[in-house]
Number of protein chains: 2
Amino acid sequence: MAVSVRDVAEAAGVSVGTVSNVLNRPEKVSAATVARVHDVIARLGFVRNDAARQLRAGRSRAIGLLVLDLRNPFFADLARGAEERAAEHGLSVFVVGSDEKPERERAAIDLFEQQRVFGMLLASAGDDLPRLRQLQQRGIPVVLVDRESPDAAVPSVAVDDVDGGRLAGEHLLSIGRRRIAFVGGPASIRQVTDRLEGVQQAVAAVPDATLEFVGTAALSVLEGRRAAERIAGRLASSRPQAIFAANDLLALGLIQGFVMTGAVRVPDDIALIGYDDIDFATAAVVPLSSVRQPAALIGATAVDLLVGATDQTGGPAHVMFQPELVVRASTTG
Amino acid sequence: MAVSVRDVAEAAGVSVGTVSNVLNRPEKVSAATVARVHDVIARLGFVRNDAARQLRAGRSRAIGLLVLDLRNPFFADLARGAEERAAEHGLSVFVVGSDEKPERERAAIDLFEQQRVFGMLLASAGDDLPRLRQLQQRGIPVVLVDRESPDAAVPSVAVDDVDGGRLAGEHLLSIGRRRIAFVGGPASIRQVTDRLEGVQQAVAAVPDATLEFVGTAALSVLEGRRAAERIAGRLASSRPQAIFAANDLLALGLIQGFVMTGAVRVPDDIALIGYDDIDFATAAVVPLSSVRQPAALIGATAVDLLVGATDQTGGPAHVMFQPELVVRASTTG
DNA sequence: GCTAAATTGTGAATCGTTTCAACATGAACG
DNA sequence: CGTTCATGTTGAAACGATTCACAATTTAGC
């Protein structure tokens, strides 16, 4: 059906080896032959078959990127950063979202392995250390993204989420709030537990401050709205004075919910801070305070680590970025 | 290096053909052999090589999905809808963003072709009809997404953008505004021109109404903010009374810009409506009116068309959804 | 004019899986 | 006992690009 190197070779009156050389090492072939072969390629509409190249080469020219949630702008930015950097290395990126589900995560990693990807960037919850070691042993480089490596042998690029959580907590305390609530979940997600730990530390340092945990089923706008309804449904006196949401999607959902019920004013009744500083945080009803992470840079750096990890033989690298507090109206009051 | 069927066959004392049968048609193999082979597979850590399967099969089990902008939640939703439906068919989806750049679009399509994807879903600007015909001729099914097919032979699933534009325009006129502005661009993007055409029709139907075109370099939050600054910088009397933004990202940027400059109140001074009805529209400073498109459904339907297009031999299908007006505070006044 | 060296080009082997015609083996039947 | 059938299993061919040792041709050097 499709045109192959063999067809091209025949039509151009050369051997398949020469066609391959024209494609991959044109300097090894006389100018006249290169031109002739290219003519035939254009005329016949020859398109290289990646599967065959890859089979021969042993690995693919694509990177597998697994993210927690494609709909979260933070991960979209991260993916774009990775894509851009990968393109500079002549690689492409295969993005898959796990939707926070461990089984989808496993399925994606299996798929990547079957595809013999160049390497994997894992920005999802998974704690399957043995699996990661196994992948490395099988020669597939892995970089953990947006999460600190639990194992020194696995390179990682992350932002210090505990520190970010502390930053958020300290900020809420600094504006005089004492009854703090952390809204987030499920606890299987590392980012959630780290950020919670950070705010716990901050709260523990102030004698009369308390921390409440409000669980959610996911890190989505919808779940935020639900949490808001639950909180607004309580007696005003038992509501928290400030909320730290595990990410901006939740935080925006919370604002939405509070506005809809009308019972809670932000920041007067409850101050609110999110995490990630996505574009939409600025445009919210009440512009949202947040903890910023350099999403695109994280993605780009992860690709660099992956490429470096295969080139040089130095030990695995661990890059850690510092989160940055961004104060807006939702915590100004 | 890696374990192959040959290794498995040898270790299990069977032929490679039998190993393949165990993997693909276990009912053809005796239960004892199936069990033995599976044991060996687990022990040796055998992982199928997709490249080899694909080379043999002639095509990949992955769908290529090209979108205009990965960071736009509308496309993220669309991608998720496609991914989910594809999974039901045992297919995976390779999502690539073109960032509105024709050359990146071409590169992505070339990549898909080299990968011998199962089919392509194109939700990007491209008007390269000959290329599409060529792909079809070469046996690669193509479905145009979120854009009406300019060629009956190419199946498509879309929302009537002209109608959506008219809906938005009529709504702005119905609340008494007469000096309307359309903010969007570049004009190379079909969605932009279609929506513009729709609002033009609506405006043309009302004698004293006028339409102004305010161009942007991209459909992003940042570009929306810039446009807002330009508009807010004019004399109040020469500003439009209502704005229809080509999508919600732009609209949210406009709101952000207007709030920052403080010179323009929404909707009192300028009413504002966007397009796509992304999740964040509800949570905006001023909840944003919008024109809703069933993003996930569009993605899922596109996959169905692709799968159907290869199965049955009926003519190419064209699915058209109707957009829906969603009125919120940004146009209530 | 002859040899050594450089330049071009060749073609068979290879990657790992699937397919399929052919072959055992054993059971069922008359 | 010989034939037919069903059930399991085999092994070689194919998919298409790349590689690499080798061959053919040209150029350079003396």
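## Notes on the predicted two-chain model with DNA

1. Chain-to-chain contact first. In this predicted model, 38 residues of chain A are in contact with 38 residues of chain B. On the chain A side, the elements that each put in at least two residues are α4, α5 (73–88), β2 (92–97), α6 (102–114) and α11 (248–261). Sorted by class, that side of chain A has 20 nonpolar residues, nine polar and nine charged.

2. Next, chain A as a whole. Its secondary structure adds up to twelve helices and twelve strands. Along the principal axes, the C-alpha atoms of chain A fill a box of roughly 85 × 40 × 30 Å. The radius of gyration of chain A is 25 Å, whereas a compact globule of 333 residues would come out near 20 Å. So don't picture chain A as a simple ball, because its 25 Å is set against that value near 20 Å for a compact globule.

3. A word on the annotated stretch. UniProt, in an unreviewed entry, puts the feature "domain: HTH lacI-type" at residues 3–57 of chain A. In the model, residues 3–57 of chain A are 71% helix and 0% strand, and the C-alpha atoms at the two ends of the span lie 21 Å apart.

4. On to DNA strand C. Which residues come nearest to it? Of the 27 around the strand, they are A:Val14, A:Gly17, B:Ser4, B:Val5 and B:Ala52, so both chains are represented. Chain A supplies at least two residues from each of α2 (16–24) and α4 (50–57), and chain B does so from each of α1 (5–12), α2 (16–24) and α4 (50–57). With five residues, α2(B) gives the most to this surface. The class split is ten nonpolar, eleven polar and six charged.

5. Now DNA strand D. Here 27 residues surround the strand, and the closest are A:Ser4, A:Val5, A:Ala52, B:Val14 and B:Gly17. Two or more residues come from each of α1 (5–12), α2 and α4 of chain A, and likewise from each of α2 and α4 of chain B. This time α2(A) gives the most, with five residues. By class, the surface near DNA strand D has ten nonpolar, eleven polar and six charged residues.

6. The six-stranded sheet in chain B. If you trace this open sheet across, the order is β2-β1-β3-β4-β5-β11, with parallel pairing. Why do β2 (92–97) and β11 (318–321) of chain B each have one side without a neighbour in the sheet? These two strands stand at the edges with a single partner strand each, so one side of each is left open in that sense. From one strand to the next, the twist averages 15°. For a place to start looking, take β1 (residues 62–67) of chain B, which runs parallel to β2(B) and is joined to it by six bridges. One pair to click on is B:Ala62 with its bridge partner in β2(B), B:Ser92.

7. The four-stranded sheet in chain B. This is another open sheet with parallel pairing, in the order β7-β6-β8-β9. Its edge strands are β7 (210–215) and β9 (271–273) of chain B, each pairing on one side only. The twist here averages 20° from one strand to the next. Three bridges hold the parallel pairing of β8 (residues 242–245) of chain B with β9(B), and B:Ala242 has B:Ala271 as its bridge partner in β9(B). Helix α9 (residues 190–204) of chain B lies across β6 (179–184), β7 and β8 of chain B, and runs at about 175° to β6(B).

8. Backbone spots worth a look. Most residues other than glycine have a negative phi, and most peptide bonds are trans. Chain B has some departures from that pattern, beginning with a cis peptide bond between B:Gly185 and B:Pro186, with omega about -5°. B:Pro186 sits in the loop between β6 and α9 of chain B. Another cis peptide bond joins B:Val266 and B:Pro267, with omega about 5°, and B:Pro267 is found in the loop between α11 (248–261) and β9 of chain B.

9. Finally, B:Asp99. Is its phi positive or negative? B:Asp99 has a positive phi of about 55°, although it is not a glycine. You'll find B:Asp99 in the loop between β2 and α6 (102–114) of chain B.

Key
Residues are numbered from 1 along each chain as its sequence is written. Chains are lettered from A and ligands numbered from 1 in the order in which they are written. This is a predicted model: local features need pLDDT of at least 70, side-chain atom pairs count only at pLDDT 80 or more; totals for chains, interfaces and linings use all residues. A residue is near a molecule or strand if its C-beta atom, placed from the backbone, lies within 6 Å of it. Ala, Val, Leu, Ile, Met, Phe, Trp, Tyr, Cys and Pro count as nonpolar, Asp, Glu, Lys and Arg as charged, and the others, Gly among them, as polar. Two strands pair if DSSP finds at least two bridges between them. Axes are lines fitted to C-alpha atoms, for helices over the stretch in contact, and angles run from 0 to 180 degrees between N-to-C directions. Two residues are in contact if their C-beta atoms, placed from the backbone, lie within 7 Å. UniProt positions are given in the numbering used here, feature names are shortened, and annotations may be inferred rather than shown by experiment. The radius of gyration is taken over C-alpha atoms; the globule rule is 2.2 Å times the number of residues to the power 0.38.
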